[in-house]
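Colleague: Please take a close look at one part of this protein for me. Pick a strand in the middle of things and follow its connections outward. Short sentences, please.

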Amino acid sequence: MDRSGGVSPTGDTIQIGIAVDIPEPWGAQLTRRRVEAGDPLAVPAHVTLLGPTEIQTANLPAVERHLAAVAAGHLPFALHLRGTGTFRPVTQVVFVAVAAGISECELLAAAIAAAPGLQRQARFPYHPHVTVAQDVAPEALDKVYEDLADFSAMFQVDAFTLFSHSGEARWQPRRDFRLGD
């Protein structure tokens, strides 16, 4: 699916990110929980495959070709989200854990990161998860951690999405890449 959005006003660079969307009804539930925690970055629930990365706009077509090849080379897989975890004290993050589908996410993330023109320094090793609270009061982090401790969702992942950000608006979905196509 082709979508619009996300080229910077100067046209020189673009911020991209790549993620697996969490389907309904779980996506809305996890996003709502993040908003209720007071998280100022309450973006729709997702598993990040490539975090925010600035690239030259001229490299975008090559990146999209690479993403199409990555998607074609990976089959759909089951993803099981279960329970909560945290990165505290290193970062103030509470997340819903990926219980099954970890290796598939890791393989996709590594293949995506090999795209031409992508130079991103990761601050931490890749760990697939769904952030449900970040940089909020410790009490809010604790509450989300406890409230979602019994959370469980299983679904089929058949695509990932390229998002872009112009710096002026929220992240916008740009294109879906279907696995196995």
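Modeller: First, the words. Strands are DSSP runs of E with at least two residues, helices are DSSP runs of H or I with at least four, and the numbering starts at the N terminus. With that in hand, we can place proline 89: this residue belongs to the loop between β3 and β4. Keep in mind that the model is predicted.

A quick overview before we zoom in. The protein has four helices and eight strands. Along the sequence their order is β-α-β-α-β-β-α-β-α-β-β-β. The radius of gyration is 16 Å, close to the 16 Å that the globule rule gives for 181 residues, so the protein is as compact as a globular protein of that length. Its C-alpha trace spans about 45 × 35 × 30 Å along the principal axes. Of the 181 residues, 45% are buried. Take the contacts with a separation of 6 or more: 77% of them link residues 24 or more positions apart. Watch for such long-range links below.

Now the part itself. I choose strand β4, which covers residues 93-100. How many of its eight residues are buried? Six of the eight are, and the strand is mostly covered.

What runs beside β4? Begin with β3, residues 77-86. The two strands are antiparallel, and five bridges join them. One pair to find on screen is glycine 85 with its bridge partner in β4, phenylalanine 95. The link from β3 to β4 is a hairpin of six residues. Look for proline 89 in that loop. The peptide bond leading into this proline from arginine 88 is cis, with omega near 5°.

There is another cis bond of this kind elsewhere. It runs from glutamate 24 to proline 25, again with omega near 5°. Proline 25 sits in the loop between β1 (13-21) and α1.

Next, another partner of β4. Strand β5, residues 129-134, also pairs with β4 in the antiparallel sense, over five bridges. Two pairs help you trace the match. Valine 94 has alanine 133 in β5 as its bridge partner. Valine 96 has valine 130. β5 is mostly covered too, with five of its six residues buried. One general point helps when you look at any of these strands. In a regular strand, side chains alternate between the two faces of the sheet.

Just past β5, find aspartate 135. This residue lies in the loop between β5 and α4 (138-147). Its phi is positive, about 55°, although it is not a glycine. Is it buried or exposed? The cut-off for exposed is over 50%, and aspartate 135 has a relative accessible area of 51%, so it counts as exposed.

Go back to β3 and stop at glycine 83, which is part of that strand. Buried means under 20%, and glycine 83 has 9%, so it counts as buried. What does it touch? Beyond its sequence neighbours, it meets Phe95, Val96 and Ala97, and also Leu148, Ala149 and Phe151. Alanine 149 is 66 residues away along the chain, yet the two C-alpha atoms are separated by 4.5 Å.

Leu148 turns up again with arginine 33. This arginine is in helix α1 (residues 26-36). Arginine 33 is buried, with a relative accessible area of 12%. Beyond its sequence neighbours, it touches Val132, Lys143, Val144, Asp147 and Leu148.

Helix α1 is followed by a loop that reaches β2 (46-56), and alanine 45 is in that loop. Alanine 45 is buried too, at 7% relative accessible area. Among the residues it touches are Asp21, Ile22, Gly27, Leu30 and Thr31, and Val130 is one more. Remember Val130: in β5, it is the bridge partner of valine 96. Threonine 131 is 86 residues from alanine 45 along the chain, and their C-alpha atoms are separated by 7.3 Å.

Last, step back to the surface and the charges. The protein exposes about 9,300 Å², and carbon and sulfur atoms supply 54% of that area. It carries 14 positive and 20 negative side chains. The centres of the two sets lie 1 Å apart.

To close, return to β4. On screen, find its antiparallel bridges to β3, then those to β5.

Conventions
Residues numbered from 1 in each chain as written. Predicted model: local features only at pLDDT ≥ 70, side-chain atom pairs only at ≥ 80, totals over all residues. Heavy atoms only, no water. Rg over C-alpha atoms; globule rule 2.2 N^0.38 Å. Buried < 20%, exposed > 50% of the residue type's maximum accessible area, 1.4 Å probe, protein only. Contact = heavy atoms within 4.5 Å. Areas by Shrake-Rupley, 256 points an atom, 1.4 Å probe, with all protein chains shown as cover. Lys, Arg positive; Asp, Glu negative; His and termini not counted. Charge placed at Lys NZ, Arg CZ, Asp CG, Glu CD. Pairing = 2+ DSSP bridges. Lists of a residue's contacts leave out its neighbours within four places in sequence.
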